[in-house]
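Here is my note on the model you shared, as a set of numbered points. I have kept each one short so that you can follow along in the viewer.

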Number of protein chains: 2
Amino acid sequence: MATKVYKALSDPTRRKILQLLRERDMNAGEISEYFDSTKPTLSRHFSVLQEADLIQGNRQGNFIIYRLNVTVLEEAMWAMMDMFKLEHRGNDDEK
Amino acid sequence: MATKVYKALSDPTRRKILQLLRERDMNAGEISEYFDSTKPTLSRHFSVLQEADLIQGNRQGNFIIYRLNVTVLEEAMWAMMDMFKLEHRGNDDEK
DNA sequence: TAGTTGTTTAGCTAATTGGCTAATTAGGTT
DNA sequence: AACCTAATTAGCCAATTAGCTAAACAACTA
């Protein structure tokens with residue numbers, strides 16, 4: 001579970017894909033314009049990200065719209081923090 | 001830079017090493033008791049972690065004491081949060 | 001149904017990774 | 001010097017990975 005997420009994040013291309021999707025949903029073709037790699041190559045990156053549940057693809061007619069799973073990414077981060085017992089700077093200091 | 005950190009984190013053995021070192025400094029032999037892998041194998045994990053600057057080894061006589069670079073790990077986490085524009089839940093909300 | 005567009009799957013290759021055993025280095029002891 | 005212990009480096013292997021081209025699939029259009 002966790003390993004899939006870390007592996008997914010370990011590639012620069014995939015991290016940039018996530019960043020792009022942070023801004024807005026995009027279809028595969030749009031995303032590919034930001035990279036030099038071929039579409040098949042990017043397609044495989046998409047599937048890695050999907051297996052880690054970090055993104056989700058929805059076919060809309062001819063296109064497949066990819067969407068970032070923000071909450072999954074967020075929770076992965078918090079899990080990381082917990083795993084290493086790092087300070088959350090949590091906002092539970094009200095009162 | 002970032003990629004090295006992510007790659008280092010992408011292996012379960014290495015993550016467990018970091019967790020162990022979160023508790024206290026340990027030498028290579030001590031660490032190896034927590035794993036089934038051979039010492040050479042673990043040694044290479046150490047060097048991966050060192051190249052990512054996540055841990056640091058200091059020879060003390062016959063032993064090499066490994067220490068976690070907490071701040072590097074922490075900063076890597078924050079960089080990650082920034083990269084994906086996630087909420088920091090920062091405690092900068094005081095009035 | 002035949003064609004077109006968007007995307008993925010199949011199949012290949014080169015590079016990287018994680019594991020092993022055997023050999024080497026570093027330091028301390030006798 | 002000879003020896004012992006702790007750890008790393010060297011060298012090998014099997015599995016994984018990221019890239020490519022070519023082929024296939026899915027959905028729409030004429």
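**Notes on the protein pair and its DNA**

1. The two copies meet through the same surface, because 100% of the interface residues of chain B are also interface residues in chain A. Contact here means heavy atoms within 4.5 Å. Each side is counted separately: 29 residues come from chain B and 29 residues from chain A.

2. Some ground rules before we go on. This is a predicted model, in which local features need pLDDT of at least 70 and side-chain atom pairs count only at pLDDT 80 or more, while totals for chains, interfaces and linings use all residues. Residues are numbered from 1 along each chain as its sequence is written, chains are lettered from A and ligands numbered from 1 in the order in which they are written, and side-chain values use heavy atoms, with hydrogens and water left out.

3. How is chain B related to chain A? A turn of 180° with a shift of 0.0 Å along the axis lays chain B on chain A with an RMSD of 0.0 Å. That is the relation of a two-fold axis. The superposition is by least squares on the C-alpha atoms of residues with pLDDT of at least 70 in both copies.

4. For the fold, chain A has 5 helices and 3 strands, in the order α-α-β-α-α-β-β-α from the N terminus on. These elements are DSSP runs numbered from the N terminus (helices: H or I, at least four residues; strands: E, at least two). Along the principal axes, the C-alpha atoms of chain A fill a box of roughly 50 × 25 × 20 Å.

5. Back to the interface: chain B and chain A bury about 2,900 Å² between them, 66% of it on carbon and sulfur atoms. Buried area is the accessible area (1.4 Å probe) that two parts lose on being put together, summed over both.

6. The polar side of this interface has 2 salt bridges, a salt bridge being a side-chain nitrogen of Lys or Arg within 4 Å of a carboxyl oxygen of Asp or Glu. Lys85(B) pairs in this way with Glu23(A), with the closest N and O atoms 2.7 Å apart. There are also 10 residue pairs in polar contact between the chains, both residues at pLDDT 80 or more. A polar contact is a pair of N or O atoms within 3.5 Å; within protein, one must be able to donate a hydrogen and the other to accept it, and residues adjacent in sequence count only if both atoms are side-chain atoms.

7. Which elements of chain B face chain A? Helix H1 (2-9), helix H2 (12-23) and helix H5 (70-83) of chain B each supply at least two residues, and H5(B) gives the most, with 8 residues. By class, this side of chain B has 14 nonpolar, 6 polar and 9 charged residues. Here Ala, Val, Leu, Ile, Met, Phe, Trp, Tyr, Cys and Pro count as nonpolar, Asp, Glu, Lys and Arg as charged, and the others, Gly among them, as polar.

8. Turning to DNA strand C, Gly29(A), Tyr66(A), Thr41(B), Arg44(B) and His45(B) come nearest of the 23 residues around it. Sugar and phosphate make up 66% of the atoms of DNA strand C that come within 4 Å of the protein. A residue is near a strand if one of its heavy atoms lies within 4 Å of it. In the side chain of Arg44(B), an N or O atom is 2.7 Å from a base nitrogen of DNA strand C, while one in the side chain of Thr38(B) is 2.8 Å from a phosphate oxygen of this strand.

9. DNA strand D is also surrounded by 23 residues, the closest being Thr41(A), Arg44(A), His45(A), Ser43(B) and Tyr66(B). A side-chain N or O atom of Thr41(A) is 2.6 Å from a phosphate oxygen of DNA strand D, and one of Asn62(B) is 3.4 Å from a base oxygen.
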